[in-house]
Amino acid sequence: MSYLDDQINAFKSNLTSSSSKLSNKRTVAAPSVSTPSPAPSHASVPSKHDLKRKRPEASTIVYSQPADTGTGQNIMTQVTYAVEYLKNKGNPQTLHELLSYLSLQYREDSYKQTIRTILRNHEKVEFDRNGAGGEGTFSFRPIHNIRSKEQLLGYLQAQPTAQGLNVRELRDGWPGAAEAINVLEAQGKLLVTRNRKDDHAKMVWANDPSLSCCIDEEFQQMWHRVKLPEAGVLAEELERAGLTPTNKSKVVRKAPKVQEKKTKKPRKTGKTTNTHMVGVLRDYSHLKK
């Protein structure tokens with residue numbers, strides 16, 4: 001029994017020593033601190049509307065052309081504004097009046113003389129040496145020098161042909177051309193064609209009142225009593241009469257081709273080689289079909 005007791009005591013001592021070593025290792029090791037995972041909140045979850053890309057607001061500013069501020073440092077820009085001013089004004093203007101409009105009256109004399117020279121040689125500007133008591137005036141030179149109803153009628157009646165006048169070219173030097181055309185048309189002195197979209201005058205011709213004739217009311221009623229057939233019925237009647245509409249291509253029927261019978265060519269016989277039996281063999285070539 002003593003041997004058994006010794007073994008039990010030795011096992012207990014080993015067990016206690018191993019348990020103490022394990023406890024020491026646990027105390028020495030640093031505890032691992034795990035960060036708690038955040039709880040999912042409803043505010044952190046993006047919605048479908050947030051995931052969509054927001055489009056930038058459309059800008060109304062056009063960057064392809066510079067803004068027209070009415071002023072410019074370039075001398076040709078000033079000349080352009082001067083020509084536009086003469087066109088809208090409609091009256092001859094002196095150089096001093098043009099420089100005052102452009103706010104250039106305090107510039108040096110060389111700059112003013114340069115503008116004067118450019119305006120005198122401009123194709124859309126007419127210079128009058130004797131205007132304003134000899135000072136000289138500038139006026140706009142339109143395509144057609146027409147600025148009144150009388151001038152318009154005189155120009156159209158003096159033409160050697162019945163060619164019309166473009167209203168766009170007429171408005172180049174006469175801003176009130178549209179109103180005058182409407183008045184002359186109502187008086188029967190002009191023939192006017194208009195655009196379907198905006199009913200603006202497009203071309204004008206002189207109207208000769210002597211060519212106008214009055215038709216009796218009886219004939220007008222007879223004319224309106226004649227009923228025109230419908231479009232489909234009219235086309236059918238014309239085709240029955242042998243008339244083809246202009247928008248329909250006429251089909252030309254070709255005559256049928258007569259196929260010629262092919263004759264068989266006689267068969268070519270080969271070269272005769274058995275000449276030594278000419279007296280013995282007979283010729284049956286005439287029996288071939």
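**Helix 5**

I began with the length of helix 5, residues 109–120, in this predicted model. At 1.5 Å a residue, its twelve residues should span 16 Å. I found the end C-alpha atoms 16 Å apart, which agrees with that expectation.

Next I asked which residues of helix 5 are buried. They are Tyr 111, Lys 112, Ile 115, Arg 116 and Leu 119. I then looked at where they point: they cover an arc of only 140 degrees around the axis, so they sit on the same side of helix 5. Asp 109 and Ser 110, on the other side of helix 5, are exposed.

I also looked up what covers the buried residues of helix 5. The cover includes two helices, helix 3 (75–89) and helix 4 (95–101). It also includes strand 1 (125–128) and strand 2 (137–140).

**The sheet**

I turned to the sheet of three strands, which is open and has the order 3-5-4. The pairing is antiparallel. Which strands lie at the edges? I noted strand 3 (165–166) and strand 4 (190–194), each of which pairs on one side only.

I went through the pairings one at a time. Strand 3 is joined to strand 5, residues 201–206, by two bridges, and the two strands run antiparallel. Within this pairing I found Leu 165 opposite Val 204 of strand 5. Asn 166 has Met 203 in strand 5 as its bridge partner.

How many bridges pair strand 4 with strand 5? I counted five, again in the antiparallel sense. One partnership I noted is that of Leu 191 with Trp 205 in strand 5. Strand 4 and strand 5 form a hairpin, with six residues between them. In the turn, Asp 199 has a positive phi of about 60 degrees.

For background, I noted that strands of a sheet pair through backbone hydrogen bonds, either parallel or antiparallel.

**Helices against the sheet**

Last, I checked which helices meet these strands. Strand 3 (165–166) and strand 4 (190–194) are the edge strands, as noted above. Helix 6, residues 149–157, packs on the sheet and touches strand 3, strand 4 and strand 5. Its direction makes about 65 degrees with that of strand 5. Helix 8, residues 177–186, lies across strand 4 and strand 5. I noted that helix 8 runs at about 120 degrees to strand 4.

Conventions:
Residues are numbered from 1 along each chain as its sequence is written. This is a predicted model: local features need pLDDT of at least 70, side-chain atom pairs count only at pLDDT 80 or more; totals for chains, interfaces and linings use all residues. Side-chain values use heavy atoms; hydrogens and water are left out. Two strands pair if DSSP finds at least two bridges between them. Helices (H or I, at least four residues) and strands (E, at least two) are DSSP runs, numbered from the N terminus. Contact means heavy atoms within 4.5 Å. Axes are lines fitted to C-alpha atoms, for helices over the stretch in contact, and angles run from 0 to 180 degrees between N-to-C directions. The expected span of a helix is 1.5 Å times one less than its number of residues. Buried means under 20% relative accessible area, exposed over 50%, partly exposed in between (1.4 Å probe, protein chains only). The arc is that of the directions from the helix axis to the C-beta atoms.
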